[in-house]
Amino acid sequence: MKLKDKVVIITGATSGIGEACAMIFGQEGAKVVITGRNAEKLQHTKDKLEILGIDVLGVLADAASESDNERMAQAALNKFGSIDILINNAGISMRALFEDLDLSVFHKVMDTNFWGTVYATKYCLPEIFKSKGSIVGVSSINGYRGTPARTAYTASKYAMNGFFESLRTEVMKRGVHVLVACPGFTASNIRNNALTAEGQSQGESPRDEGEMMTAEAVAKAILQAVLKRKRDIVLTRQGKLAVFLNKWIPGIMDGIVYNHMAKEKDSPFK
Ligand SMILES: NC(=O)c1ccc[n+]([C@@H]2O[C@H](COP(=O)([O-])OP(=O)(O)OC[C@H]3O[C@@H](n4cnc5c(N)ncnc54)[C@H](OP(=O)(O)O)[C@@H]3O)[C@@H](O)[C@H]2O)c1
(Lines give C-alpha, C1' and ligand atoms only; values in the text may rest on other atoms or scores of the structure.)
Protein backbone atom coordinates (compact mmCIF):
# COMPACT_ATOMS: atom_id res chain seq x y z
CA MET A 1 0.00 0.00 0.00
CA LYS A 2 1.44 3.35 -1.09
CA LEU A 3 0.01 5.13 1.95
CA LYS A 4 1.17 2.59 4.53
CA ASP A 5 2.64 4.48 7.50
CA LYS A 6 2.54 7.84 5.71
CA VAL A 7 1.63 10.67 8.06
CA VAL A 8 -1.39 12.69 6.91
CA ILE A 9 -2.61 15.86 8.62
CA ILE A 10 -6.24 16.74 7.92
CA THR A 11 -7.50 20.06 9.26
CA GLY A 12 -11.18 20.28 10.19
CA ALA A 13 -11.66 16.52 10.28
CA THR A 14 -14.54 16.21 12.77
CA SER A 15 -17.25 16.30 10.10
CA GLY A 16 -17.99 16.02 6.39
CA ILE A 17 -15.16 15.83 3.85
CA GLY A 18 -12.38 16.05 6.46
CA GLU A 19 -13.74 13.19 8.53
CA ALA A 20 -14.25 11.11 5.37
CA CYS A 21 -10.63 11.82 4.34
CA ALA A 22 -9.40 10.70 7.78
CA MET A 23 -11.34 7.44 7.36
CA ILE A 24 -10.20 6.63 3.85
CA PHE A 25 -6.54 7.63 4.25
CA GLY A 26 -6.46 5.76 7.59
CA GLN A 27 -8.00 2.66 6.05
CA GLU A 28 -5.24 2.75 3.40
CA GLY A 29 -2.70 2.45 6.21
CA ALA A 30 -1.81 6.10 6.84
CA LYS A 31 -1.31 7.55 10.32
CA VAL A 32 -3.70 10.46 10.60
CA VAL A 33 -3.63 13.71 12.52
CA ILE A 34 -7.04 15.34 12.80
CA THR A 35 -7.98 18.81 14.00
CA GLY A 36 -11.11 20.71 14.95
CA ARG A 37 -12.24 23.37 17.42
CA ASN A 38 -14.69 21.23 19.38
CA ALA A 39 -13.12 18.79 21.88
CA GLU A 40 -16.16 16.51 22.05
CA LYS A 41 -16.47 16.19 18.26
CA LEU A 42 -12.72 15.64 18.00
CA GLN A 43 -12.82 12.82 20.55
CA HIS A 44 -15.85 11.29 18.82
CA THR A 45 -14.09 11.19 15.44
CA LYS A 46 -10.89 9.89 17.08
CA ASP A 47 -12.88 7.05 18.67
CA LYS A 48 -14.50 6.16 15.33
CA LEU A 49 -11.09 5.98 13.65
CA GLU A 50 -9.51 3.95 16.46
CA ILE A 51 -12.30 1.37 16.32
CA LEU A 52 -11.21 0.79 12.71
CA GLY A 53 -7.62 0.23 13.90
CA ILE A 54 -6.38 3.56 12.52
CA ASP A 55 -3.41 5.21 14.26
CA VAL A 56 -4.72 8.70 15.01
CA LEU A 57 -3.69 11.86 16.85
CA GLY A 58 -6.33 14.47 17.64
CA VAL A 59 -5.20 18.07 18.01
CA LEU A 60 -7.65 20.66 19.29
CA ALA A 61 -6.80 23.59 17.04
CA ASP A 62 -8.41 26.59 15.41
CA ALA A 63 -7.31 26.85 11.78
CA ALA A 64 -7.54 30.64 12.03
CA SER A 65 -4.84 30.75 14.72
CA GLU A 66 -1.21 30.85 13.54
CA SER A 67 0.10 29.47 16.85
CA ASP A 68 -2.42 26.58 16.77
CA ASN A 69 -1.14 25.62 13.32
CA GLU A 70 2.47 25.70 14.51
CA ARG A 71 1.48 23.52 17.49
CA MET A 72 -0.40 21.13 15.18
CA ALA A 73 2.65 20.58 12.95
CA GLN A 74 4.89 20.10 16.01
CA ALA A 75 2.44 17.65 17.61
CA ALA A 76 2.34 15.57 14.41
CA LEU A 77 6.12 15.52 14.30
CA ASN A 78 6.46 14.62 17.99
CA LYS A 79 3.98 11.76 17.68
CA PHE A 80 4.81 10.30 14.26
CA GLY A 81 8.26 11.72 13.31
CA SER A 82 7.39 13.09 9.86
CA ILE A 83 4.70 14.80 7.78
CA ASP A 84 3.97 13.38 4.32
CA ILE A 85 0.61 14.87 3.37
CA LEU A 86 -1.22 17.99 4.54
CA ILE A 87 -4.90 18.28 3.65
CA ASN A 88 -6.06 21.87 4.18
CA ASN A 89 -9.74 21.14 4.62
CA ALA A 90 -11.03 23.24 7.57
CA GLY A 91 -13.56 25.68 6.24
CA ILE A 92 -16.67 27.70 6.94
CA SER A 93 -19.17 29.35 4.66
CA MET A 94 -21.49 32.37 4.84
CA ARG A 95 -24.69 33.54 3.21
CA ALA A 96 -25.68 37.19 3.15
CA LEU A 97 -25.68 40.11 0.76
CA PHE A 98 -22.37 41.98 0.87
CA GLU A 99 -24.19 45.25 1.61
CA ASP A 100 -25.60 43.69 4.83
CA LEU A 101 -22.54 41.66 5.80
CA ASP A 102 -20.70 42.59 8.97
CA LEU A 103 -17.05 42.82 7.97
CA SER A 104 -16.07 40.71 10.99
CA VAL A 105 -17.80 37.79 9.21
CA PHE A 106 -15.73 38.44 6.08
CA HIS A 107 -12.57 38.38 8.23
CA LYS A 108 -13.64 35.15 9.97
CA VAL A 109 -14.18 33.34 6.68
CA MET A 110 -10.85 34.56 5.26
CA ASP A 111 -9.04 33.79 8.54
CA THR A 112 -10.31 30.19 8.55
CA ASN A 113 -10.34 29.23 4.88
CA PHE A 114 -7.43 31.26 3.48
CA TRP A 115 -5.15 32.18 6.38
CA GLY A 116 -5.73 28.75 7.97
CA THR A 117 -4.39 27.23 4.76
CA VAL A 118 -1.42 29.59 4.63
CA TYR A 119 -0.46 28.95 8.28
CA ALA A 120 -0.76 25.15 8.09
CA THR A 121 1.18 25.04 4.83
CA LYS A 122 3.90 27.30 6.21
CA TYR A 123 4.48 25.13 9.29
CA CYS A 124 4.26 21.76 7.49
CA LEU A 125 6.26 22.67 4.38
CA PRO A 126 9.77 22.06 5.83
CA GLU A 127 8.79 18.44 6.64
CA ILE A 128 6.98 18.00 3.31
CA PHE A 129 10.16 19.08 1.49
CA LYS A 130 11.98 16.28 3.35
CA SER A 131 9.32 13.66 2.58
CA LYS A 132 8.68 14.96 -0.99
CA GLY A 133 5.04 14.66 -0.07
CA SER A 134 1.78 16.38 -0.95
CA ILE A 135 -0.08 19.52 0.02
CA VAL A 136 -3.80 19.51 -0.69
CA GLY A 137 -6.12 22.51 -0.67
CA VAL A 138 -9.80 21.65 -0.37
CA SER A 139 -11.11 24.61 -2.34
CA SER A 140 -14.45 24.74 -4.17
CA ILE A 141 -16.15 25.43 -7.48
CA ASN A 142 -16.31 28.90 -5.89
CA GLY A 143 -12.55 29.01 -6.49
CA TYR A 144 -13.41 29.32 -10.20
CA ARG A 145 -16.84 30.91 -10.21
CA GLY A 146 -18.39 33.29 -7.67
CA THR A 147 -21.94 32.97 -6.39
CA PRO A 148 -24.04 35.87 -5.11
CA ALA A 149 -24.43 36.19 -1.32
CA ARG A 150 -21.17 34.22 -0.89
CA THR A 151 -18.65 37.06 -1.39
CA ALA A 152 -16.37 36.15 1.52
CA TYR A 153 -16.50 32.43 0.80
CA THR A 154 -15.80 32.94 -2.91
CA ALA A 155 -12.94 35.35 -2.16
CA SER A 156 -11.39 32.84 0.26
CA LYS A 157 -11.49 30.04 -2.32
CA TYR A 158 -10.10 32.20 -5.16
CA ALA A 159 -7.33 33.21 -2.76
CA MET A 160 -6.59 29.54 -2.00
CA ASN A 161 -6.42 28.71 -5.72
CA GLY A 162 -4.04 31.60 -6.41
CA PHE A 163 -1.86 30.77 -3.42
CA PHE A 164 -1.50 27.15 -4.49
CA GLU A 165 -0.92 27.91 -8.18
CA SER A 166 1.96 30.15 -7.18
CA LEU A 167 3.34 27.71 -4.58
CA ARG A 168 3.02 24.70 -6.90
CA THR A 169 5.11 26.44 -9.53
CA GLU A 170 7.62 27.61 -6.91
CA VAL A 171 8.24 24.08 -5.59
CA MET A 172 7.92 22.17 -8.87
CA LYS A 173 11.63 21.25 -8.97
CA ARG A 174 11.70 20.28 -5.28
CA GLY A 175 9.61 17.08 -5.43
CA VAL A 176 6.57 18.50 -3.62
CA HIS A 177 3.12 17.78 -5.02
CA VAL A 178 0.37 20.42 -4.73
CA LEU A 179 -3.25 19.44 -5.38
CA VAL A 180 -6.21 21.81 -5.47
CA ALA A 181 -9.43 19.83 -4.98
CA CYS A 182 -12.62 21.66 -5.93
CA PRO A 183 -15.73 19.83 -4.75
CA GLY A 184 -19.15 20.80 -6.03
CA PHE A 185 -22.20 20.68 -3.74
CA THR A 186 -21.44 17.94 -1.18
CA ALA A 187 -23.73 16.75 1.62
CA SER A 188 -22.19 17.96 4.91
CA ASN A 189 -22.69 20.45 7.74
CA ILE A 190 -21.19 23.38 5.81
CA ARG A 191 -24.51 25.03 4.95
CA ASN A 192 -26.02 24.41 8.43
CA ASN A 193 -23.03 26.18 9.97
CA ALA A 194 -22.75 28.93 7.32
CA LEU A 195 -22.65 32.40 8.88
CA THR A 196 -25.38 34.99 8.50
CA ALA A 197 -24.76 38.73 7.98
CA GLU A 198 -24.26 39.13 11.74
CA GLY A 199 -22.10 36.02 12.18
CA GLN A 200 -24.63 33.51 13.58
CA SER A 201 -24.84 29.96 12.20
CA GLN A 202 -27.79 29.89 9.80
CA GLY A 203 -28.80 26.58 11.41
CA GLU A 204 -30.22 24.77 8.41
CA SER A 205 -29.28 24.08 4.83
CA PRO A 206 -31.21 26.00 2.17
CA ARG A 207 -30.59 23.15 -0.32
CA ASP A 208 -31.55 19.48 -0.58
CA GLU A 209 -28.48 17.78 0.91
CA GLY A 210 -29.79 14.37 -0.17
CA GLU A 211 -29.29 15.30 -3.84
CA MET A 212 -25.59 16.00 -3.39
CA MET A 213 -22.32 14.09 -3.79
CA THR A 214 -21.34 12.34 -0.57
CA ALA A 215 -18.36 13.40 1.53
CA GLU A 216 -17.05 9.82 1.15
CA ALA A 217 -17.05 10.12 -2.67
CA VAL A 218 -15.16 13.43 -2.42
CA ALA A 219 -12.60 11.86 -0.05
CA LYS A 220 -12.12 8.95 -2.47
CA ALA A 221 -11.48 11.36 -5.34
CA ILE A 222 -8.94 13.26 -3.20
CA LEU A 223 -7.19 10.00 -2.28
CA GLN A 224 -6.92 8.95 -5.94
CA ALA A 225 -5.64 12.40 -6.94
CA VAL A 226 -2.98 12.32 -4.22
CA LEU A 227 -1.81 8.86 -5.33
CA LYS A 228 -1.64 10.05 -8.96
CA ARG A 229 -0.09 13.39 -7.91
CA LYS A 230 -2.65 15.35 -9.94
CA ARG A 231 -2.51 19.16 -9.96
CA ASP A 232 -6.26 19.72 -9.62
CA ILE A 233 -9.63 18.02 -9.56
CA VAL A 234 -13.07 19.53 -10.17
CA LEU A 235 -15.97 17.46 -8.87
CA THR A 236 -19.62 16.88 -9.81
CA ARG A 237 -21.08 17.17 -13.30
CA GLN A 238 -22.64 20.53 -12.38
CA GLY A 239 -19.32 21.78 -11.02
CA LYS A 240 -17.36 20.77 -14.13
CA LEU A 241 -19.98 22.43 -16.35
CA ALA A 242 -19.89 25.63 -14.29
CA VAL A 243 -16.07 25.86 -14.54
CA PHE A 244 -16.13 25.17 -18.30
CA LEU A 245 -18.92 27.63 -19.10
CA ASN A 246 -17.46 30.32 -16.87
CA LYS A 247 -14.20 30.16 -18.84
CA TRP A 248 -15.92 30.73 -22.20
CA ILE A 249 -19.17 32.61 -21.48
CA PRO A 250 -18.69 34.35 -18.11
CA GLY A 251 -21.24 37.10 -18.86
CA ILE A 252 -24.00 34.62 -19.65
CA MET A 253 -22.99 32.64 -16.55
CA ASP A 254 -23.66 35.69 -14.36
CA GLY A 255 -27.34 35.43 -15.26
CA ILE A 256 -27.47 31.62 -15.01
CA VAL A 257 -25.82 31.63 -11.57
CA TYR A 258 -28.03 34.51 -10.32
CA ASN A 259 -31.21 32.70 -11.34
CA HIS A 260 -30.02 29.36 -9.92
CA MET A 261 -29.02 30.76 -6.53
CA ALA A 262 -32.14 32.95 -6.27
CA LYS A 263 -34.17 29.73 -6.11
CA GLU A 264 -32.52 28.68 -2.81
CA LYS A 265 -34.83 28.63 0.21
CA ASP A 266 -34.84 32.07 1.92
CA SER A 267 -32.50 33.51 -0.71
CA PRO A 268 -31.50 37.08 0.29
CA PHE A 269 -32.05 38.20 -3.35
CA LYS A 270 -34.73 37.43 -5.94
N1 LIG B 1 -19.92 20.71 1.37
C2 LIG B 1 -19.79 21.35 0.24
O3 LIG B 1 -20.76 21.53 -0.53
C4 LIG B 1 -18.43 21.87 -0.15
C5 LIG B 1 -18.24 22.25 -1.49
C6 LIG B 1 -17.01 22.74 -1.86
C7 LIG B 1 -15.99 22.85 -0.94
N8 LIG B 1 -16.20 22.49 0.34
C9 LIG B 1 -15.10 22.65 1.30
O10 LIG B 1 -14.85 21.45 1.97
C11 LIG B 1 -14.24 21.72 3.23
C12 LIG B 1 -14.91 20.88 4.28
O13 LIG B 1 -16.25 21.27 4.41
P14 LIG B 1 -17.47 20.27 4.70
O15 LIG B 1 -18.42 20.45 3.60
O16 LIG B 1 -16.96 18.93 5.03
O17 LIG B 1 -18.11 21.02 5.98
P18 LIG B 1 -18.41 20.58 7.47
O19 LIG B 1 -19.17 19.29 7.50
O20 LIG B 1 -19.03 21.78 8.09
O21 LIG B 1 -16.97 20.34 8.10
C22 LIG B 1 -16.10 21.41 8.36
C23 LIG B 1 -15.00 20.94 9.29
O24 LIG B 1 -14.08 22.02 9.49
C25 LIG B 1 -13.93 22.25 10.89
N26 LIG B 1 -13.67 23.65 11.12
C27 LIG B 1 -14.44 24.73 10.83
N28 LIG B 1 -13.83 25.84 11.22
C29 LIG B 1 -12.65 25.47 11.76
C30 LIG B 1 -11.57 26.17 12.36
N31 LIG B 1 -11.57 27.50 12.49
N32 LIG B 1 -10.53 25.45 12.82
C33 LIG B 1 -10.50 24.11 12.73
N34 LIG B 1 -11.48 23.40 12.19
C35 LIG B 1 -12.55 24.07 11.72
C36 LIG B 1 -15.23 21.76 11.53
O37 LIG B 1 -15.03 21.36 12.89
P38 LIG B 1 -15.28 22.33 14.15
O39 LIG B 1 -16.53 23.12 13.86
O40 LIG B 1 -15.42 21.38 15.30
O41 LIG B 1 -14.08 23.18 14.29
C42 LIG B 1 -15.51 20.53 10.67
O43 LIG B 1 -14.75 19.44 11.13
C44 LIG B 1 -14.36 23.23 3.45
O45 LIG B 1 -13.13 23.86 3.19
C46 LIG B 1 -15.39 23.64 2.42
O47 LIG B 1 -15.24 24.98 2.01
C48 LIG B 1 -17.40 22.00 0.76
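Asn78 is exposed, because only 9 other C-beta atoms lie within 10 Å, against a limit of 12 or fewer for an exposed residue. The residue belongs to helix α3, which comprises residues 66–80. Its C-alpha atom is separated by 15 Å from that of Ile128, a residue 50 positions away along the chain. The model in which these values were computed is a predicted one.

**A buried counterpart**

Cys124 lies in helix α4. With 25 C-beta neighbours inside 10 Å, Cys124 counts as buried, since the threshold is 20 or more. The C-alpha atoms of Cys124 and Gln74 are 8.7 Å apart, and these two residues are separated by 50 positions along the chain. Apart from neighbours within four places in sequence, Cys124 is in contact with Ile9, Ala73, Ile83 and Leu86.

**The chain as a whole**

The protein chain has eight helices and seven strands. Its C-alpha trace spans about 55 × 40 × 30 Å along the principal axes. A compact globule of 270 residues would have a radius of gyration near 18 Å, and the protein chain agrees with this, because its own value is 18 Å. Of the 270 residues, 46% count as buried. Among contacts with a separation of 6 or more, 72% join residues that are 24 or more positions apart.

A UniProt annotation from an unreviewed entry, "domain: Ketoreductase", covers residues 6–188. The C-alpha atoms at the two ends of this span lie 27 Å apart, and the span is 49% helix and 16% strand.

**Nonpolar cores**

In soluble globular proteins, nonpolar side chains tend to be buried together. In this model the largest nonpolar core has 64 residues, and those touching the most other members are Ile9, Cys21, Val32, Leu86 and Val136. A second, separate core has 13 residues, including Ala96, Leu101, Ala194 and Leu195. Two members of the largest core, Ile9 and Leu86, are also contacts of Cys124. For Cys21, the contacts beyond four places in sequence are Ile10, Ala13, Ile87, Asn89, Ala219 and Ile222.

**The shell around the ligand**

The ligand is surrounded by 32 residues, of which Gly12, Gly16, Arg37, Gly91 and Ser188 are the closest. The elements that give two or more residues to this shell are α1 (16–27), β2 (31–36) and α4 (103–131). Helix α1 gives the most, with three residues. By class, the shell has 11 nonpolar, 18 polar and three charged residues.

**Two residues with positive phi**

Most residues other than glycine have a negative phi. Lys132 has a positive phi of about 50° although it is not a glycine, and Arg229 likewise has a positive phi of about 50° without being a glycine. Lys132 is found in a loop, and a loop is also the place of Arg229. Each counts as exposed: Lys132 because it has 11 C-beta neighbours inside 10 Å, and Arg229 because 11 other C-beta atoms lie within 10 Å. The table sets out the two residues.

| Residue | Phi | Loop between | C-beta atoms within 10 Å |
|---|---|---|---|
| Lys132 | about 50° | α4 and β5 (134–138) | 11 C-beta atoms |
| Arg229 | about 50° | α6 (215–227) and β7 (232–234) | 11 C-beta atoms |

How values were computed
Residues are numbered from 1 along each chain as its sequence is written. This is a predicted model: local features need pLDDT of at least 70, side-chain atom pairs count only at pLDDT 80 or more; totals for chains, interfaces and linings use all residues. A residue is near a molecule or strand if its C-beta atom, placed from the backbone, lies within 6 Å of it. Helices (H or I, at least four residues) and strands (E, at least two) are DSSP runs, numbered from the N terminus. Ala, Val, Leu, Ile, Met, Phe, Trp, Tyr, Cys and Pro count as nonpolar, Asp, Glu, Lys and Arg as charged, and the others, Gly among them, as polar. UniProt positions are given in the numbering used here, feature names are shortened, and annotations may be inferred rather than shown by experiment. A nonpolar core is a set of buried Ala, Val, Leu, Ile, Met, Phe, Trp, Tyr and Cys residues joined through C-beta atoms within 7 Å. Two residues are in contact if their C-beta atoms, placed from the backbone, lie within 7 Å. The radius of gyration is taken over C-alpha atoms; the globule rule is 2.2 Å times the number of residues to the power 0.38.
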